[in-house]
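Trainee: I am new to this structure. Please take me through the terms and the values behind them.

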Amino acid sequence: MKVKLIETIEEMRAFSKDAKKRNLSIGYVPTMGALHEGHVSLMDAAVKQNDVSVMTIFVNPIQFGPNEDFEKYPRTLEADLEKAEKAGIDAVFFPAAKELTANLYSYVDINNLQNNLCGLKRPGHFRGVCTIVSKFFNIIQPDNAYFGKKDIQQLYIIKQMVKDLNFDINIVPCDIVREYDGLAMSSRNRYLSESERKDALILSQAIKKAVYLQEQGETSANVLINCVRTEIEKIACAKIDYISIVNEQMQDVSFVENKNILALAIYIGKTRLIDNHIFGETLCF
Ligand code: AMP
């Protein structure tokens, strides 16, 4: 079936109301577009687990800082619609920014969980994410919403927000999808030059080294972080934004236990890439 392109809140609400009236479950995948196989894995899960599936494509202006890449963020609607259709998505909601952000006076903020990692490095980022995701939740009224572990802090923050604000929505975490050589898929990978693409491999390789050390019995977070740092510093054009090991509350830990998360943000040239690993989960690269 052809994917339906929806551009207004009114039409999106009508689509969801109709599905609810017919007792159909709604799966929802939020994205910023420039879709890749990582997004496709979320779409596949949504299509499989729900009667109806909706994806949003929205480059959210209020989650970008003033010196970030909002303007140059890739926008590839035609190709995205093809991918959505192929995956079996029923509707793509693609609102204009003003539909969601004009005359906006209420924001959703989350304490604690945003005080470290990307939340610390990108002030206001998660406020922008939570506000817009809440709006989409209210408009689309999904039963299940799909989030990638690639953005691990976002996943934990959204889970907390859903609990705190009593959204009746099941959050489904999806594994990180990687390129053949281990690089985590990201819309921002297309910013990388050929040589930067090779250098970017250091993120997953450094994670692999640290996980290997941990599996040998090393539990000191400092030792594991230094192991990652040493690897990253081998690459001339790599600049560390952060390398941290945190618990599920996003607090730094001293000794590593299962479910703790090794998370990193590294600039390769001008491109900021993130990656992570949850200790205790299988490393598949
Ligand atoms: P984005 O379009 O980058 O905002 O991402 C939309 C959703 O796709 C988020 O839940 C991301 O965590 C998820 N995602 C992005 N890249 C990947 C990946 N490589 N593997 C799995 N999920 C991903």
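Mentor: On a 1 Å grid over the protein atoms alone, a cavity is a set of points where a 1.4 Å probe fits but cannot get out, and lining residues have an atom within 4 Å of a point. This is a predicted model, where local features need pLDDT of at least 70, side-chain atom pairs count only at pLDDT 80 or more, and totals for chains, interfaces and linings use all residues. Residues are numbered from 1 along each chain as its sequence is written, and side-chain values use heavy atoms, with hydrogens and water left out.

Trainee: What makes Leu 203 a residue that lines the largest cavity?

Mentor: Lining residues have an atom within 4 Å of a cavity point, and Leu 203 is listed in that lining, as are Lys 150 and Asp 275. About 50 Å³ of space lies in this cavity, a volume being the space filled by probe spheres set on the points, which are joined across faces, edges and corners.

Trainee: Why is the pair of the ligand and His 39 called a polar contact?

Mentor: A polar contact is a pair of N or O atoms within 3.5 Å. An oxygen atom of the ligand is 2.8 Å from an N or O atom in the His 39 side chain, so the pair meets that limit. For the side chain of Asp 151 the distance from a ligand oxygen is 2.7 Å, so this pair also qualifies.

Trainee: How do you know that a backbone atom takes part?

Mentor: A ligand nitrogen is 2.9 Å from a polar backbone atom of Met 185.

Notes:
A polar contact is a pair of N or O atoms within 3.5 Å; within protein, one must be able to donate a hydrogen and the other to accept it, and residues adjacent in sequence count only if both atoms are side-chain atoms. On a 1 Å grid over the protein atoms alone, a cavity is a set of points where a 1.4 Å probe fits but cannot get out, and a pocket is an open set with protein on both sides within 12 Å along at least five of seven lines; lining residues have an atom within 4 Å of a point.
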